[in-house]
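Dear colleague,

I am passing on a structure for you to look through, and my notes on it follow below. Please keep it open while you read, so that you can trace each part for yourself.

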Amino acid sequence: MTLTIIGAGAMAQALADGLKDRYRLEFVVRDLSKVDNLRELYSISLLDNLDITGKNIILAVKPYALKSVASNLKGEANSLYSILAGTALNALRDNINAKSYIRTMPNVSAKFGASTTVITGDKSKKDEAIEIFSSIGDTFWVDSEKEIDIATSIAGSGPALLCLVAEAMMDGLVKEGMKRVDAIDITNSLFKGFAPLILSNHPAIIKDSVMSPAGTTAAAYSALEEGAVRNSFIKAVTKAFEVTQK
Ligand SMILES: NC(=O)c1ccc[n+]([C@@H]2O[C@H](COP(=O)([O-])OP(=O)(O)OC[C@H]3O[C@@H](n4cnc5c(N)ncnc54)[C@H](OP(=O)(O)O)[C@@H]3O)[C@@H](O)[C@H]2O)c1
């Protein structure tokens, strides 16, 4: 199968890295001078009155570019896979002709083959969509657009939220006197080791297993509860979801 990727930014190139061994890829861009690095590997066309008839498209431009991109396309695609945040299936249908439409929400870890990608849309394309996007990490099919919009806060924005946690941990270590370089290395190592740990059990059970009476973890945990960190994360999901509904 050939996949036609429209846009060649960070996500498009991360996707291509994961997909290139399994699919034939072609890029469509508005400015050929920006994609010299892709020329050796892929065929590249200019986004200018492009006939998309029968093509399987991955739309990877910024959400605000949808109308402008659509005005440069003609014909009816076979499938349209969109990675545009907060852009509803109806908006895709209103702008680009295709036999079927799929929305996906990957994240920036795609460049390490470790995206968390939530997917919804035309059920007849569910297996194909999961196969395509599993080349950049884990995939999760949900049955409604509401669910993909809710999941965007964690699947899409999650890396940025965890960066805030990581940076705060580093700053805490520095505040008490550690060298910045050690604070960074120690915190990064924590995140690396935490990935297999969180998969092994429920977070509350892991937490209980390491919290000794009157110990360091209990003291630190209490400080976080005082700062309403738990509620702040719950609110963060709500706020991000609200943005997708505008
Ligand atoms: N980054 C993430 O973590 C993430 C996560 C989930 C979903 N997404 C979604 O992925 C999409 C792309 O994000 P990105 O981070 O890859 O952005 P990016 O690196 O800025 O790339 C955007 C691409 O879109 C092209 N583009 C912008 N306006 C265009 C127009 N009017 N016509 C044609 N091409 C146009 C850009 O071309 P030029 O270089 O010529 O400007 C560039 O190739 C967005 O819709 C975003 O919502 C991103």
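**Strands and helices in the model**

In this predicted model, strand β7 (residues 77–82) runs parallel to strand β8 (residues 98–105), and five bridges join the two. If you would like one pair to look for, start from Y81, whose bridge partner in β8 is I102.

These two strands belong to an open sheet of eight strands, which follow the order β3-β2-β1-β5-β7-β8-β9-β10 with mixed pairing. At the edges stand β3 (43–46) and β10 (137–141), and because each has a single partner strand, one side of each is left without a neighbour in the sheet. From one strand to the next, the twist averages 25°.

Turning to the helices, you will find that α5 (residues 145–156) lies across β8 and β9 (115–121), and that its direction makes an angle of about 170° with β9. Helix α5 also packs with helix α10 (residues 229–244), at an angle of about 125° and with the axes 8 Å apart. Angles from 65 to 115 degrees would count as roughly perpendicular and those over 145 as roughly antiparallel, so α5 and α10 are described as oblique to each other. Their crossing is right-handed.

Where these helices meet, α5 contributes D149, I150, T152, S153 and I154, while α10 contributes A236, V237, A240, F241 and T244. Sorted by character, the residues of this contact are six nonpolar, three polar and one charged.

With best wishes

How values were computed:
Residues are numbered from 1 along each chain as its sequence is written. This is a predicted model: local features need pLDDT of at least 70, side-chain atom pairs count only at pLDDT 80 or more; totals for chains, interfaces and linings use all residues. Two strands pair if DSSP finds at least two bridges between them. Helices (H or I, at least four residues) and strands (E, at least two) are DSSP runs, numbered from the N terminus. Axes are lines fitted to C-alpha atoms, for helices over the stretch in contact, and angles run from 0 to 180 degrees between N-to-C directions. Two residues are in contact if their C-beta atoms, placed from the backbone, lie within 7 Å. Angles under 35 degrees count as roughly parallel, over 145 as roughly antiparallel, 65 to 115 as roughly perpendicular and the rest as oblique. A crossing is left-handed if the near helix is turned anticlockwise from the far one by less than a right angle, and right-handed if clockwise. Ala, Val, Leu, Ile, Met, Phe, Trp, Tyr, Cys and Pro count as nonpolar, Asp, Glu, Lys and Arg as charged, and the others, Gly among them, as polar.
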